[in-house]
Amino acid sequence: MSIDLTDIQLSNAQIAWRAAQDIEDGAYVNLGIGFPEMVARFQPKGHEAIFHTENGVLDFGRAPEPGQEDWDCINAGKKAITTRPGTAFFHHADSFAMVRGGHLDVAILGAYQVAQTGDLANWSTGKGGVPAVGGAMDLVHGAKRVAVLTDHVTKKGQPKLVDKCTLPLTGVGCVTRVYTSLAVIDVEDGVFVLREKVPGISLSDLQSLTGGELKEASKVGDLICPEDL
Amino acid sequence: MDKTVASLAEAVADIPDGATVMIGGFGGSGAPIELIHALIDQGAKDLTIINNNAGNGHVGIAALIEQGRVAKMICSFPRSADPRVFTERYLDGRIALELVPQGTLAERIRAGGAGIPAFYTPTSYGTELAEGKPVETFEGRPYVQERWLKADFALLKAEEADPHGNLTYRMAARNFNPLMATAAATTVVQASRIVPLGGIDPEQVITPGIFVNRIVQVANPAQEEELNRAEAVYP
């Protein structure tokens with residue numbers, strides 16, 4: 001695999017931007033800690049999603065200025081957030097009722113591996129150390145759409161979209177769509193269905209960088225994101 | 001009826017060696033730092049601690065672990081900005097860990113407080129955290145059986161308490177506190193303010209006093225995050 005992706009792959013911000021375009025106005029959304037949090041910045045004009053953070057806050061405001069933090073008001077990543085008109089606080093059992101009970105429209109997560117069956121591995125590299133799962137295994141169940149943001153391949157060039165996950169699973173058959181640095185891919189009936197790809201890569205090269213079978217949708221769109229993100 | 005006790009030391013005096021103790025909080029928010037430090041001073045050991053995390057820095061739960069008092073942690077995310085105290089002991093085999101998905105941890109505590117011995121959840125199905133647990137199919141989907149979680153004591157942090165133990169919480173510091181209040185044989189609460197009966201609007205009560213055994217006032221409680229930024233160490 002000697003395909004040079006440097007000039008054609010999307011940045012994390014561009015991947016987050018693309019995912020944000022699919023969030024409906026008024027959707028209830030949980031963004032995973034880290035990279036997926038960027039999605040909140042790129043909501044289309046006129047769209048206003050309501051964000052849930054699993055430690056017990058709905059519809060929170062932006063991060064406070066340094067020095068203005070109130071450490072009773074944090075998100076699941078333990079970063080300071082703020083309230084705004086509409087904010088609600090609730091306890092953990094209510095928070096995870098929102099998650100498992102099907103009340104969220106979208107959950108957007110990171111991934112180590114996604115299988116063509118929709119299995120997700122994103123909590124453990126299986127290498128020992130201290131295991132930590134947090135809410136990852138809960139968040140993959142219950143949201144109407146479970147989307148993953150990820151580079152298409154690992155830093156060593158190995159596919160992250162695979163026929164079967166080799167790392168410890170977070171959930172079985174849970175992922176519905178994957179936004180990668182090269183493509184937008186749905187998981188349907190046990191196969192990867194290619195919806196969009198960056199213009200700079202051929203279908204055969206994209207297939208060679210994908211571990212599972214990549215089926216073309218009837219129309220494969222160009223994945224074009226703003227350059228200046 | 002007045003559940004107020006005069007001191008932190010009195011509030012935790014009867015926690016025995018080997019007790020299972022739920023401690024409220026998510027990271028530092030809602031963590032009853034003063035009650036945890038009183039437990040350190042009190043000396044109980046071989047404790048099983050139930051919390052979302054496993055301590056951060058050298059205060060609160062991390063300090064309890066560092067003093068060698070904790071035999072086992074039941075938690076979802078034993079990592080933090082500075083998790084060294086737990087990490088070193090876990091990797092040396094000096095502390096046991098039961099890792100529980102966060103929502104399952106919350107629901108097991110809720111079930112414990114509600115008299116529900118077991119329930120089914122989709123969470124963890126097909127993963128290593130479901131190994132050995134019964135699985136049932138409902139409406140075509142597989143679910144994992146989980147058991148209730150109860151404790152001998154709960155140490156919690158509230159914003160306001162009245163003498164009957166009715167409680168309010170502050171912002172996201174609510175987190176696990178109302179659940180744990182229901183699931184311990186003895187629930188001990190530190191509150192920033194103890195107000196007279198009638199001082200809390202009944203519509204605003206989050207935890208009704210029936211779940212609470214002792215309250216102690218700690219005005220201006222410490223925040224774990226601020227203690228860690230100041231590199232505090234307890235004791």
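These are my notebook entries on a predicted model with chains A and B.

**Chain A, overall**

I began with the make-up of chain A, which comes to 4 helices and 13 strands. Its radius of gyration is 18 Å, and the globule rule gives 17 Å for 229 residues, so chain A is as compact as a globular protein of that length. I also looked up the box that its C-alpha atoms fill: roughly 50 × 40 × 30 Å along the principal axes. As for burial, 48% of the 229 residues of chain A count as buried. Then I checked how far along the sequence the contacts reach. Taking contacts in chain A between residues at least 6 apart, I found that 65% join residues at least 24 apart.

**Helix H1 of chain A**

Next I went to helix H1 of chain A, residues 12–20. Is this helix enclosed or open? Of its 9 residues, 7 are buried, so H1(A) is largely enclosed by the rest of the structure. I wrote down the buried ones: Gln14(A), Ile15(A), Ala16(A), Trp17(A), Arg18(A), Ala19(A) and Ala20(A). What covers them? The cover includes four strands of chain A: E5 (106–109), E8 (145–150), E10 (177–180) and E11 (183–188).

**A small sheet in chain A**

I then picked out an open sheet of 3 strands in chain A, with the order E7-E6-E9 and mixed pairing. Strand E7 (120–121) and strand E9 (161–162) stand at the edges with a single partner strand each, so one side of each has no neighbour in the sheet. Strand E6 of chain A, residues 113–115, pairs with E9(A) in the parallel sense over 2 bridges. To find that pairing in the 3D view, I looked for Ala115(A), which stands opposite Val162(A) in E9(A).

**One residue: Val198(A)**

I wanted a single residue to follow, and chose Val198(A), in the loop between strand E12 (191–197) and helix H4 (203–208) of chain A. Is Val198(A) buried or exposed? It has 21 C-beta neighbours inside 10 Å, and 20 or more are needed, so Val198(A) counts as buried. Leaving out residues up to four places away in sequence, Val198(A) touches Ile8(A), Gln9(A), Leu10(A), Leu182(A) and Leu223(A). I also checked Ser181(A), which is 17 residues from Val198(A) along the chain; their C-alpha atoms are separated by 8.3 Å.

**Parallel strands in chain B**

Over in chain B, I followed the path through three strands. Strand E1 (residues 20–23) and strand E2 (residues 47–50) run parallel, joined by 3 bridges. Met22(B) stands opposite Ile50(B) in E2(B). Between E1(B) and E2(B) the chain passes through helix H2 of chain B, residues 33–42, in a right-handed β-α-β crossover.

E2(B) also pairs in the parallel sense with strand E3 of chain B (residues 70–75), over 4 bridges. Here Ile50(B) stands opposite Ile74(B) in E3(B). The chain gets from E2(B) to E3(B) by way of helix H3 of chain B, residues 61–66, and this β-α-β crossover is right-handed.

**Where the chains meet**

Last, I looked at the two chains together. How many residues of each chain are in contact with the other? I noted 31 residues of chain A against 39 residues of chain B. On the chain A side, the elements giving two or more residues are helix H2 (92–100) and helix H3 (136–139) of chain A. H2(A) gives the most, with 5 residues. By class, that side of chain A has 16 nonpolar, 9 polar and 6 charged residues.

Terms used:
Residues are numbered from 1 along each chain as its sequence is written. Chains are lettered from A and ligands numbered from 1 in the order in which they are written. This is a predicted model: local features need pLDDT of at least 70, side-chain atom pairs count only at pLDDT 80 or more; totals for chains, interfaces and linings use all residues. Two residues are in contact if their C-beta atoms, placed from the backbone, lie within 7 Å. Ala, Val, Leu, Ile, Met, Phe, Trp, Tyr, Cys and Pro count as nonpolar, Asp, Glu, Lys and Arg as charged, and the others, Gly among them, as polar. Two strands pair if DSSP finds at least two bridges between them. The radius of gyration is taken over C-alpha atoms; the globule rule is 2.2 Å times the number of residues to the power 0.38. A residue is buried if 20 or more other C-beta atoms lie within 10 Å of its own, exposed if 12 or fewer, and partly exposed in between; C-beta atoms are placed from the backbone. A crossover is right-handed if, with the strands pointing away from the viewer, the path from the first strand over the helix to the second runs clockwise.
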